[in-house]
Amino acid sequence: MQLPDKAPLIENAVVTSREEFREILQRALSKGAGAFLKVFAKNSGGKYYITALVDRSKVLAAECLLVDTKQNLSGNEAVDVLKSFVGRPMVVDVFDLDEIELKLLIAENIEAYSSTPKIPLAELLGEAVTVDREPVRPAGIKRGEGVKGKPEHTRKPEPARKRADSGKPEVVINLSGGSIPERAFQSYAEALLREADRIRGLKVERIEFDATVGEGVVYLNVRIQGSSTGGSRGAEIAEKRMLHAVSKYAPILLREAEVKPIIRDVSIIINGQEVKPQEIVDRDRKKTGKVTKDGRVMLSVLEDVWPYFSAFARTVINEVESSGIKVDRAHFDVKGRQEFEINLSMVVETDLTEDEVVRIVRDVLGRHARELARTIKRYITVRNVEVEIVRKAAPVAPTAVEKSGKAAEILAKKELLEREVEQLLKEAGIDELAILTEEKKKETRETMIRSRIEPAVETLKNRIHAELKLVPRVTFKWLKLNHEVRGSTVYIDIEASFIKENVGGLFGSFSGVSEDKIKRDIEETVQRIIREVSREYGIGMNLRRLNVIIR
């Protein structure tokens, strides 16, 4: 990532424990709005250089360089590497950042910022980071005393201020650092309660606000307690909707009290089970990856059931291939959380019709889906099965010639006659005519090569068209393929159009994968297919131009 244009606050600090790492991070955050970290670490797998951008509550962006292999990781993969080293020996540089520097670095590293999950620092460090920045308090009020004396990072046994009418949910307001009219929090709480009334089976019993007042802003921790009669599914719906409502109605404070609300933490407790925002996001996090070493089979499913469905996908493909259907590519897209829906797209080579292939695949999917449903105790259905059949072009001229005994005999006589003619020309001293014979040979070879080009290009186009439909995270729209023959080499020009799929999140639509990464995946797919077709037909094929359009 782009580094800050300043000297580090802490340089070459050797940390050997989680506590030491937390302390130096707290020191940087106490001086500003965020921090930039450079971490050097190694293990048996190699050496790592990690950069991370954080604010006072969460990780904003992360990248990791595997020094030995020069491989770059970003986003979730980089965060996982950093988490694996926390508590182990590392060399760390820390830069403190004010609010302007923090925002500039986000802008300069926007790709890493977009692909990185915003995990709380407490999850990274195993304990929340406490920033010792004493807020300005009215005269006569001491830390930990009275209505306005509750520190931001401590919870008092008794609320600083509360209002609880008989039979109505309790609203608790804890203030520190200044004062805000109580009516602003009451209006905020009433909006949250109205939202709760619209959620079937949910009853809110208590709303607690921990607020630290700053210069024109208020930092909020919101805690909502309640119960749901809708079972586990109803509780999960209530958690997500109330989490969204906390952000949706926060601007009420700006309207009522003219302070900008900044939500630092939200806690939703339904039926005694406490969940944090990141836990809700994690439950909905979908993983897309390879389930076979050769990369032919891809799977998209929730991370917590990935091991079950990856084994399921391999078993299904093995059984389909045992029936005589060669699977070139397959993508299992499994939707749902409590109940799962399987959608399968495949590219296969077979002499069967599409209907016959779909019937065989659905039978295999159905049997193994029922077994998996019993194992994980969740309902699983098979919805869509899309099959693209690729049939190899008819045998080309050279192959046919080799298989024809009569043709082979004729070619042998032709070569013998050519040698005799060459010998006669030499004996007659007419060497200059030999070049005509060589030109004729060259022309013959080129004619034979050209006879293979058209079927090879047609096969190439069909395979690229079929496999681009399976590229994850985008929807394939159209393909243009042109070629030019120069000598014995075919130069390929390709243009393809895709629509980028947005992944729904708790706070709007977003995509955690950059367009550059998607384009690299598409280019690798195209190059691989060109190599395969080139080998099959014995023709030199080069990709001259590739234009990928993603909208």
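**Buried rings, bridges and a helix face**

Trainee: Are Phe312 and Phe332 buried or exposed?

Mentor: First, this is a predicted model: local features need pLDDT of at least 70, side-chain atom pairs count only at pLDDT 80 or more, and totals for chains, interfaces and linings use all residues. Residues are numbered from 1 along each chain as its sequence is written, and side-chain values use heavy atoms, leaving out hydrogens and water. Buried means under 20% relative accessible area, exposed means over 50%, and partly exposed lies in between (1.4 Å probe, protein chains only). By that rule, Phe312 and Phe332 are both buried.

Trainee: How many of the residues in the protein chain, as a percentage, count as buried?

Mentor: The protein chain has 15 helices and 22 strands. These are DSSP runs numbered from the N terminus: helices are H or I with at least four residues, strands are E with at least two. Of the chain's 551 residues, the share that counts as buried is 44%.

Trainee: What share of the contacts with a separation of 6 or more joins residues 24 or more positions apart?

Mentor: Contact means heavy atoms within 4.5 Å. Take the contacts in the protein chain with a separation of 6 or more; the share from residues 24 or more positions apart is 63%.

Trainee: How do Phe40 and Tyr49 pair, stacked or edge-to-face?

Mentor: Rings of Phe, Tyr and Trp (its six-membered ring) pair if their centres lie within 6.5 Å; planes under 30 degrees apart are stacked, over 60 edge-to-face, and the rest tilted. The whole structure holds 9 aromatic pairs. For Phe40 and Tyr49 the centres are 5.0 Å apart and the planes differ by 20°, so the pair is stacked.

Trainee: What is the angle between the planes of Phe312 and Phe332?

Mentor: Their centres are 6.2 Å apart, and the pair is edge-to-face, with the planes at 75°.
Phe312 sits in helix α10 and Phe332 in strand β15, so the pair ties together parts 20 residues apart in sequence. The angle asked for, again, is 75°.

Trainee: Which residues do ring pairs link into a cluster?

Mentor: Phe312 and Phe332 are two of them. The full cluster is Phe309, Phe312, Phe332 and Phe340.

Trainee: Within what arc do the buried residues of α10 fall?

Mentor: Helix α10 spans residues 306-322, and its buried residues are Trp306, Phe309, Ser310, Phe312, Ala313, Val316, Ile317 and Val320. They line one face of the helix, because seen down its axis they share a limited arc. The arc is taken from the directions from the helix axis to the C-beta atoms. Its value is 160°.

Trainee: Which residues are exposed on the other side of α10?

Mentor: The buried residues pack against β13 (286-290), β14 (297-302), β15 (326-335), β16, α11 (354-376) and β17. On the other side, the exposed residues are Pro307, Asn318 and Ser322.

Trainee: How many salt bridges are there?

Mentor: Side chains of opposite charge can pair when their charged atoms come close. A salt bridge here is a side-chain nitrogen of Lys or Arg within 4 Å of a carboxyl oxygen of Asp or Glu. By this rule the count is 29.

Trainee: How many residues apart are Asp68 and Lys47?

Mentor: Asp68 and Lys47 form a salt bridge, with the closest N and O atoms 3.2 Å apart. Asp68 is in the loop between β4 (59-66) and β5 (71-74), and Lys47 is in strand β3 (residues 46-55), so the pair links distant parts of the chain. Asp68 is partly exposed at 46% relative accessible area, and Lys47 is partly exposed at 40%. The separation in sequence is 21 residues.

Trainee: Which residues share a salt-bridge network with Glu467?

Mentor: Glu467 is buried, with a relative accessible area of 6%. Its salt bridge with Arg528 has the closest N and O atoms 2.5 Å apart. That pair links helix α15 (residues 515-537), which holds Arg528, to helix α14 (residues 434-468), which holds Glu467, 61 residues apart. The network joins Glu467 with Arg329, Arg528 and Glu532.

Trainee: Which residues does Val457 contact, leaving aside neighbours within four places in sequence?

Mentor: Val457 is in helix α14 and counts as buried at 8% relative accessibility. Val457 and Val490 are 33 residues apart in sequence, yet 8.9 Å apart in space, C-alpha to C-alpha. The contacts of Val457 are Leu481, His483, Val490 and Met541.

Definitions and conventions. Expected span 1.5 Å × (residues − 1).
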